[in-house]
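Let's take a walk through this structure together, starting with the overall fold and ending with a few single residues. Keep the viewer open as you read.

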Amino acid sequence: EHIQFSEVPKKQRITDGKPLKETLASLEKEMIREALGRHRSIREAARTLGVTHTLLLNRMKKYRLEQT
């Protein structure tokens with residue numbers, strides 16, 4: 001199961017004049033937060049996002065996110 005673009009809220013699709021880098025970071029953080037909330041394990045969330053477990057752990061640290 002992967003998160004599809006159509007599942008991203010429309011407000012997240014519009015940059016509102018923000019730089020691309022900031023917009024992408026915001027979207028990445030929101031997608032990770034949602035995946036962590038949907039799955040019981042970080043490994044399952046990583047699989048859903050199509051990234052490695054290690055990459056997801058690094059992004060969680062970068063964005064100061066914890067599994068809920």
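The protein has four helices and zero strands, and from the N terminus on its elements run α-α-α-α. Helices here are DSSP runs of H or I with at least four residues, strands are runs of E with at least two, and both are numbered from the N terminus. Please keep in mind that this is a predicted model, in which local features need pLDDT of at least 70 and side-chain atom pairs count only at pLDDT 80 or more, while totals for chains, interfaces and linings use all residues. Residues are numbered from 1 along each chain as its sequence is written, and side-chain values use heavy atoms, with hydrogens and water left out.

How much of the protein is buried? Of its 68 residues, 24% count as buried, where buried means under 20% relative accessible area, exposed means over 50%, and partly exposed lies in between (1.4 Å probe, protein chains only). The accessible surface comes to about 5200 Å², and 52% of that belongs to carbon and sulfur atoms. Such areas come from the Shrake-Rupley method with a 1.4 Å probe, and for residues only the protein chains shown count as cover. Contacts, meaning heavy atoms within 4.5 Å, add another view of the fold: among those between residues at least 6 apart in sequence, 56% join residues at least 24 apart.

Now turn to α3, which covers residues 42–49. Its buried residues are Ile42, Ala45, Ala46 and Thr48. They share one side of α3, because they cover an arc of only 160 degrees around the axis; the arc is that of the directions from the helix axis to the C-beta atoms. On the other side of α3, Arg43 and Arg47 are exposed. The buried residues of α3 pack against α2 and α4.

Helix α4 (residues 53–63) can be read in a similar way, with Leu56, Met60 and Tyr63 buried. These residues lie on the same side of α4, because their arc around the axis is only 80 degrees. Thr54, Lys61 and Lys62 are exposed on the other side of α4. Which helices do the buried residues of α4 pack against? They pack against α2 and α3.

The loop between α2 (20–38) and α3 holds histidine 39. Histidine 39 counts as buried because its relative accessibility is 15%. Leaving aside neighbours within four places in sequence, histidine 39 is in contact with Glu44, Ala45, Thr48 and Gln67. With threonine 48 there is also a polar contact, side chain to side chain, at 2.8 Å. A polar contact is a pair of N or O atoms within 3.5 Å; within protein, one must be able to donate a hydrogen and the other to accept it, and residues adjacent in sequence count only if both atoms are side-chain atoms.

Moving on along the chain, glycine 50 comes just after α3 and takes a positive phi of about 75 degrees. Valine 51 lies in the loop between α3 and α4, and it counts as partly exposed because its relative accessible area is 30%. Beyond its neighbours within four places in sequence, valine 51 is in contact with Ala46 and Leu56. Threonine 52 lies in the loop between α3 and α4 too. A polar atom of the threonine 52 side chain lies 3.0 Å from the backbone nitrogen of leucine 55. From C-alpha to C-alpha, threonine 52 and isoleucine 42 are 9.9 Å apart in space and 10 residues apart in sequence.

Valine 51 also brings us to the largest pocket, where Glu28, Met31, Ile32, Leu49 and Val51 lie nearest the centre among 12 lining residues. The elements that give two or more residues to this lining are α2, α3 and α4, and the largest share, four residues, comes from α2. The volume of the largest pocket is about 180 Å³. On a 1 Å grid over the protein atoms alone, a pocket is an open set of points with protein on both sides within 12 Å along at least five of seven lines, and lining residues have an atom within 4 Å of a point. Grid points are joined across faces, edges and corners, and a volume is the space filled by probe spheres set on the points.

Our last stop is arginine 64, in the segment after α4. Most residues other than glycine have a negative phi. Arginine 64 has a positive phi of about 55 degrees although it is not a glycine. Arginine 64 counts as exposed because its relative accessibility is 77%.

Note on methods. 1 Å grid on protein atoms, 1.4 Å probe; cavity = no way out; pocket = protein on both sides within 12 Å on 5 of 7 lines; lining within 4 Å.
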